[in-house]
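Student: Please take one part of this protein and go through it closely, residue by residue. I would like a connected account rather than a list.

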Amino acid sequence: MPLWQHCHAATMKGGKYSIIDDAAIVTDDGRITWIGPRGDAPAHDDEVIDLDGAWVTPGFIDCHTHLVFGGDRSGEFEQRLEGVSYAQIAAQGGGIASTVRATREASEDALFASARLRATGFLREGVTTIEVKSGYGLDLANERKMLKVARRLAEELPLTVRATCLAAHALPPEYAGRADDYIAAVCTEMLPALAKEGLVDAVDAFCEHLAFSPEQVERVFRTARELGLPVKLHAEQLSSLHGASLAARYQALSADHLEYMTEDDAIAMAQSGTVAVLLPGAFYMLRETQLPPIDALRRHGVPIALASDLNPGTSPALSVRLMLNMGCTLFRMTPEETLAGVTIHAAKALGLQRTHGSLEVGKAADFVAWKISRPAELAYWLGGALPNRVVRSGVDIRV
């Protein structure tokens with residue numbers, strides 16, 4: 001039962017810093033068994049670890065990533081800088097379709113090797129829990145391949161990994177002009193098989209004019225409900241289809257992007273407990289000008305999470321800390337809100353709020369000791385490596 005002491009703890013309990021100065025933390029069997037002022041710590045004969053005045057936060061949780069993919073889309077990045085829109089690139093066979101081709105051509109081992117490199121970088125930065133979506137396979141064999149890579153990451157790295165099936169991400173070329181038929185295949189073939197194999201923790205879809213309609217998404221959600229799986233949704237990124245309200249009707253864990261959501265959507269999400277996951281990396285890369293309605297989300301008490309949206313096309317983001325800064329500078333959030341967005345609210349977006357996301361007795365002993373002067377520094381610095389000590393399940397991580 002190690003005692004970690006001589007630190008300041010931003011516990012993030014209740015979504016606030018909830019600071020304990022001169023704190024101590026006792027861990028046992030991967031859980032926090034005591035936390036409070038060092039002077040009140042229980043008598044201790046086991047290992048004592050001096051954190052040298054560091055600030056301790058919960059381990060970061062990246063609750064929306066497309067970590068597993070083949071190839072890259074740097075050429076499309078160049079096109080967008082030359083004035084070609086995301087929708088135009090997609091219509092030309094680029095966008096998600098180009099990553100589908102590269103992912104289908106890659107072996108499971110090749111996908112794992114590249115995903116492991118990216119995941120290791122996140123670990124070094126303090127990420128101890130990460131969500132990984134499929135959605136670049138778009139057939140049973142390749143969706144399975146991607147989800148198996150997600151499971152392997154959890155087995156081989158000191159990371160908690162939640163695997164989300166995003167088969168309803170885009171229309172594969174073999175189903176051109178037959179979106180309803182593809183959704184039928186997702187619902188009758190892919191989701192039941194992948195769920196039976198234990199590869200799926202949640203189900204996601206892309207509700208957008210260049211992807212799937214609310215009616216098609218609802219078919220996916222009904223199937224997920226029949227399989228006992230929670231749902232999430234890419235919603236309101238490029239237009240307002242009220243996907244966020246649809247997600248709320250199905251008690252979705254989260255609705256993500258949300259630039260074009262309405263106040264009615266925010267009210268629906270508040271009533272259902274659905275988390276708003278904002279993705280400033282994609283907002284930045286697409287040079288979007290429509291801000292998510294942060295004030296409406298605040299006004300109605302919708303929990304706000306932040307995530308990297310790591311993907312090869314619209315958010316090749318390899319730093320959650322950079323997302324904190326972007327949340328502040330682009331979305332006008334406070335440093336405290338952004339830290340809550342990658343800890344306690346991100347945990348809720350993955351259905352892990354009872355075990356992760358804050359420093360409380362009974363929760364996972366996942367935390368990061370930062371050599372900083374105050375928590376706001378985590379959102380202040382642009383890039384670079386901040387000295388830290390990453391602890392997952394009560395064990396020091398060396399990566």
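Tutor: In this predicted model, the sulfur of cysteine 63 has its closest cysteine sulfur in cysteine 328, 16 Å away, which is too far for a bond. A disulfide is a covalent bond between the sulfur atoms of two cysteines. The cut-off used here is 2.5 Å between the sulfur atoms. Cysteine 187 fails in a similar way: its closest cysteine sulfur, in cysteine 165, is 10 Å away, again too far for a bond. The count of disulfides is zero. Both residues are buried, cysteine 63 because its relative accessibility is 0% and cysteine 187 because its relative accessibility is 12%; the limit for buried is under 20%.

Next comes the residue before cysteine 63 in sequence. Aspartate 62 belongs to strand 5, which covers residues 60-62. Aspartate 62 is buried but has no salt bridge. The nearest side chain of opposite charge is that of lysine 133, 9.2 Å away, and a salt bridge would need the charged atoms to be within 4 Å. What the side chain of aspartate 62 does have is a polar contact of 2.6 Å with the side chain of serine 308. Beyond its sequence neighbours within four places, aspartate 62 also contacts several other residues, among them Phe122, Thr129, Glu131, Ala307 and Asp309.

On the other side of cysteine 63 the chain enters a loop. Histidine 64 sits in the loop between strand 5 and helix 1, the helix of residues 74-81, and histidine 66 is in the loop between strand 5 and helix 1 as well. Their side chains are joined by a polar contact of 3.2 Å. Histidine 64 is buried because its relative accessible area is 0%, and histidine 66 is buried because its relative accessibility is 3%. With residues up to four places away in sequence left out, the contacts of histidine 64 include Lys133, His234, Asp256, Ser308 and Asp309. Counted in that way, histidine 66 touches residues including Lys133, Tyr136, His169, His234, Asp309 and Asn311.

An unreviewed UniProt entry lists His64, His66, His234 and Asp309 under "binding site". These residues span 246 residues in sequence, yet no two of their C-alpha atoms are more than 12.3 Å apart, so they gather at one spot.

The unreviewed entry also places the feature "binding site" at Tyr136, Asn311 and Gly313. These are spread over 178 residues of sequence but cluster in space, with a largest C-alpha distance of 11.7 Å.

Tyrosine 136 lies in the loop from strand 6 (127-133) to helix 5 (140-156). Tyrosine 136 counts as buried because its relative accessible area is 2%. Among the residues it touches, apart from those up to four places away in sequence, are His66, Phe69, Thr103, Glu143, His169 and Asn311.

Asparagine 311 lies in the loop between strand 12 (304-306) and helix 12 (320-329). Asparagine 311 is buried because its relative accessible area is 5%. Setting aside residues up to four places away in sequence, asparagine 311 touches His66, Phe69, Tyr136 and Pro316. A polar atom of its side chain also lies 2.8 Å from the backbone oxygen of aspartate 309. This ties the account together: aspartate 309 is in the UniProt list with His64 and His66, while asparagine 311 is listed with Tyr136 and Gly313.

Key:
Residues are numbered from 1 along each chain as its sequence is written. This is a predicted model: local features need pLDDT of at least 70, side-chain atom pairs count only at pLDDT 80 or more; totals for chains, interfaces and linings use all residues. Side-chain values use heavy atoms; hydrogens and water are left out. Helices (H or I, at least four residues) and strands (E, at least two) are DSSP runs, numbered from the N terminus. Buried means under 20% relative accessible area, exposed over 50%, partly exposed in between (1.4 Å probe, protein chains only). Lys and Arg count as positive and Asp and Glu as negative; His and the chain ends are not counted. A polar contact is a pair of N or O atoms within 3.5 Å; within protein, one must be able to donate a hydrogen and the other to accept it, and residues adjacent in sequence count only if both atoms are side-chain atoms. Contact means heavy atoms within 4.5 Å. UniProt positions are given in the numbering used here, feature names are shortened, and annotations may be inferred rather than shown by experiment.
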